[in-house]
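Please open the structure in your viewer and keep the sequence beside it, so that each selection can be followed in both. The tour goes from stop to stop, saying what to select and what is found there.

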Amino acid sequence: MSKKDQFASLVLFTLKEAENLYDKKESVASSLSRYVKTGKVVRIKRDLYAAIDPMTGSIYANKFEIASKATETSYVSYHSALEYWGLATQVFNTIYFSSNKRVSTYVHAGIDYVGVKSPFEEGIVEKQNNSIIRVTDLERTLIDCIDKIDLSGGVEEIIEGISYLRHLKEDKLFNYLRIYNKNFLYQKTGYFFSSYTANLLSKEFFKECKEKMGERKSYIDTFVKGKRKLVKEWNLIVPETYL
């Protein structure tokens, strides 16, 4: 295969990566257009392309790989990270990814790829598949989802995910809580872990959550209708269906 044809065998690549294979950048557009027309390559979005498996007619890359390649800094996050780690009970047609850059929502193969502003850069791991997958680690995934319940699939999805856990690194949970430094996040985290997986964490963990959560009574969410009850230990007003 000639140097100019190498990008046709790549799993997932950007326009910039394709240009690096050419002496003249103006040659890239015509070559990409030819490969798209002949069914060897598909355009995912602006400046992002994927090679097509000739045996199946589908691209080699999966949705997690595509989200990881959305920008130079993107990584799979929130409910999509829950799904990646096998903790989600529902599979959505939406993939969440975080990035330092603003990215408009784009659609490929019936899946919406939704970008969220990255709150910080710690806790991102890389996994090699056909292409590299960048995703929040298990502990950060849980803290991120508790912080933004609307991006996690809802309270029930968090509860189900936590109930599957068999191990947790407490020092990592502490680290992400301290980076966020939000009273409400300490409050919600203490409630979720004490209610559904208290045996995995120390008394010191819950003690710090209580010290940092403040005295304000808060609704754990505003999405679910019906009767609610105050959980006094955490000053949280929770739908009775979750208790």
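How exposed is E17, going by its relative accessible area? Select E17 and look at its side chain: with a relative accessible area of 31%, E17 is partly exposed. Please bear in mind throughout that this is a predicted model.

**Salt bridges between distant parts of the sequence**

Keep E17 selected and add K69, since these two form a salt bridge in which the closest N and O atoms are 2.9 Å apart. K69 lies in the loop between α3 and β4, while E17 belongs to helix α1 (residues 15-19), so the pair ties together parts that are 52 residues apart in sequence. K69 also counts as partly exposed, at 22% relative accessibility.

Next select K63 and E83, whose side chains meet in a salt bridge at 2.7 Å from N to O. K63 sits in helix α3 and E83 in helix α4 (residues 78-84), so this pair ties together parts that are 20 residues apart in sequence. Both K63 and E83 are buried. In total, the structure holds 10 salt bridges.

**Strands β1, β2 and β3**

Move now to strand β3, residues 48-51, and turn the view so that both of its faces can be inspected in turn. Both faces are covered, for L48 and A50 on one side and Y49 and A51 on the other are all buried. Then show strand β1 (residues 12-14), which pairs with β3 in the antiparallel sense over 3 bridges; the bridge partner of L12 is A50 in β3.

Add strand β2 (residues 41-45), which pairs with β3, likewise in the antiparallel sense, over 4 bridges, and find K45, which stands opposite L48. The hairpin of β2 and β3 has 2 residues between the strands, and in this hairpin D47 takes a positive phi near 70°.

**The hairpin of β8 and β9**

Select residues 124-128 for strand β8 and residues 132-136 for strand β9: the two run antiparallel and are joined by 5 bridges. They form a hairpin with 3 residues between them, and Q128 has I132 in β9 as its bridge partner. How many of the 5 residues of β9 are buried? The number is 4, so β9 is largely enclosed by the rest of the structure.

**Helix α8 and a lysine without a salt bridge**

Go on to helix α8, residues 183-196, where K188 is to be found. The helix has 14 residues and reaches 20 Å from its first C-alpha to its last, close to the 20 Å expected at 1.5 Å a residue. Its buried residues form the run L185, Y186, Q187, K188, T189, G190, Y191, F192 and F193.

Select K188 by itself and look for a partner of opposite charge: K188 is buried yet has no salt bridge, and the nearest side chain of opposite charge, D147, is 5.1 Å away. Leaving aside residues up to four places away in sequence, K188 touches I146, D147, I149, I220 and L236.

Now centre on D147, whose side chain meets that of K182 in a salt bridge (3.0 Å, N to O). D147 lies in helix α5 (residues 138-147) and K182 in the loop between α7 and α8, so the pair ties together parts that are 35 residues apart in sequence. Of these two, D147 is buried, with a relative accessible area of 13%, whereas K182 is partly exposed, with a relative accessible area of 34%.

**Helix α9 and its two sides**

For the last stop, select helix α9, residues 203-212, in which F205, F206, E208 and C209 are the buried residues. Seen down the axis of α9, these buried residues fall within an arc of 160°, so they line one face of the helix. They pack against α7 (170-180) and α8. On the other side of α9, K203, E204, K207 and E211 are exposed.

Add R178 and K212 to E208, and a network of salt bridges linking R178, E208 and K212 comes into view. Finally, step past the end of the helix to G214, which follows α9 and has a positive phi, near 80°.

Terms used:
Residues are numbered from 1 along each chain as its sequence is written. Side-chain values use heavy atoms; hydrogens and water are left out. Buried means under 20% relative accessible area, exposed over 50%, partly exposed in between (1.4 Å probe, protein chains only). Lys and Arg count as positive and Asp and Glu as negative; His and the chain ends are not counted. A salt bridge is a side-chain nitrogen of Lys or Arg within 4 Å of a carboxyl oxygen of Asp or Glu. Contact means heavy atoms within 4.5 Å. The expected span of a helix is 1.5 Å times one less than its number of residues. The arc is that of the directions from the helix axis to the C-beta atoms. Two strands pair if DSSP finds at least two bridges between them.
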